[in-house]
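Subject: A structure to look at, with notes

Dear colleague,

I am handing over the structure below, and I would be glad if you could keep it open while you read the notes that follow.

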Amino acid sequence: RDDFDFEEWDISDESANNATQYIDLCKKYGNMYGEDYRMLMGTLAQELNGKHKLELDTPAIGVSQIEKIVWVNTKIKAYNFENKDYDEYWLIAPNAEDTIDDEEFKKRPKSDDIIEKYGKDNVINIETVEGSIKARAMIDAYNAESAYKNGALDSISKNDFPAYSKAREIS
């Protein structure tokens with residue numbers, strides 16, 4: 001299980017083993033967006049026992065359980081440490097958007113319209129395993145930078161949450 005201690009999270013062996021199948025993706029996107037891959041692994045193991053499920057009638061979606069009403073059909077911007085620039089992607093969940101019964105959500109553009117206007121290279125489908133992990137890393141980096149800029153992270157140490165220290169580096 002690499003060097004991650006799932007016991008600190010009180011995660012079962014089965015959940016930990018299930019999550020380890022995604023270690024390469026967690027390392028890839030964690031490295032890109034300044035997120036410790038072990039935090040991503042812990043999230044995957046904790047949220048769905050490391051199993052990818054696409055249950056559309058739940059409030060969250062994908063292996064990392066991204067909240068549909070908050071993130072589906074929205075654009076997110078996060079710093080990419082590999083290309084030393086910001087990445088912008090639309091987060092979509094084509095199969096899930098019809099399951100969200102919210103008036104404000106219904107004002108957002110539909111997945112098909114987003115793809116047509118911005119192209120497939122500018123969207124992340126969070127219904128897929130890879131899309132869910134990439135989006136989670138971006139969301140964590142985005143939230144960390146936003147919190148830092150709003151002064152909420154002054155007392156957080158560099159070791160508490162790697163994305164926070166990365167947010168400091170780019171602010």
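In these notes, helices and strands are runs assigned by DSSP, with at least four residues for a helix and at least two for a strand, and they are numbered from the N terminus. Please keep in mind throughout that this is a predicted model.

Counted in that way, the protein has eight helices and five strands, and as you read along the sequence they come in the pattern α-α-α-β-β-α-β-β-α-α-β-α-α. Of the 171 residues in the protein, 47% are buried, and the accessible surface comes to about 9,200 Å², with 42% of it belonging to carbon and sulfur atoms. If you take the contacts with a separation of 6 or more, 61% of them are accounted for by residues that lie 24 or more positions apart.

The sheet is a good place to begin. Three strands form an open sheet in the order β3-β4-β5, and the pairing is mixed. Its edge strands are β3, residues 74–80, and β5, residues 123–125, each of which pairs on one side only. From one strand to the next, the twist averages 40 degrees. Strand β4, which covers residues 85–92, pairs with β5 in the parallel sense over three bridges, and Asn125 in β5 is the bridge partner of Ile92. Lying across β4 and β5 is helix α6, residues 111–118, which runs at about 145 degrees to β4.

On the edge strand β3 you will find Lys77. Is this residue buried, exposed or partly exposed? Lys77 is partly exposed, because its relative accessible area is 41%, which falls between the 20% limit for buried and the 50% limit for exposed. Leaving aside neighbours within four places in sequence, Lys77 is in contact with Tyr86, Asp87, Glu88 and Tyr142. The C-alpha atoms of Lys77 and Trp90 are separated by 8.9 Å, and these two residues are 13 residues apart along the chain.

Next, please look at a pair of serines. Ser64 sits in the loop between β1, residues 60–61, and β2, residues 66–67, whereas Ser132 belongs to helix α7, residues 129–149. Which contact joins the side chains of Ser64 and Ser132? It is a polar contact of 2.7 Å. Ser64 has a relative accessible area of 0% and therefore counts as buried, and Ser132 is likewise buried, because its relative accessibility is 0%; the cut-off for this word is under 20%.

The surroundings of the two serines can be listed as well. Not counting residues up to four places away in sequence, Ser64 touches Thr43, Leu44, Glu47, Ser132, Ile133 and Arg136. With neighbours within four places again left aside, Ser132 is in contact with Ile61, Gly62, Val63, Ser64, Gln65, Ile66, Asn125 and Ile126. Asn125 is thus found both among the contacts of Ser132 and in β5 as the bridge partner of Ile92.

Finally, there is helix α2, residues 23–33, in which Ile23, Cys26, Tyr29, Gly30, Met32 and Tyr33 are buried. When you look at this list, it helps to know that an α-helix has 3.6 residues a turn, so residues three or four places apart point the same way. After α2 comes Gly34, whose phi is positive, near 75 degrees.

With best wishes

Methods. Residues are numbered from 1 along each chain as its sequence is written. This is a predicted model: local features need pLDDT of at least 70, side-chain atom pairs count only at pLDDT 80 or more; totals for chains, interfaces and linings use all residues. Side-chain values use heavy atoms; hydrogens and water are left out. Buried means under 20% relative accessible area, exposed over 50%, partly exposed in between (1.4 Å probe, protein chains only). Contact means heavy atoms within 4.5 Å. Accessible areas come from the Shrake-Rupley method with a 1.4 Å probe; for residues, only the protein chains shown count as cover. Two strands pair if DSSP finds at least two bridges between them. Axes are lines fitted to C-alpha atoms, for helices over the stretch in contact, and angles run from 0 to 180 degrees between N-to-C directions. A polar contact is a pair of N or O atoms within 3.5 Å; within protein, one must be able to donate a hydrogen and the other to accept it, and residues adjacent in sequence count only if both atoms are side-chain atoms.
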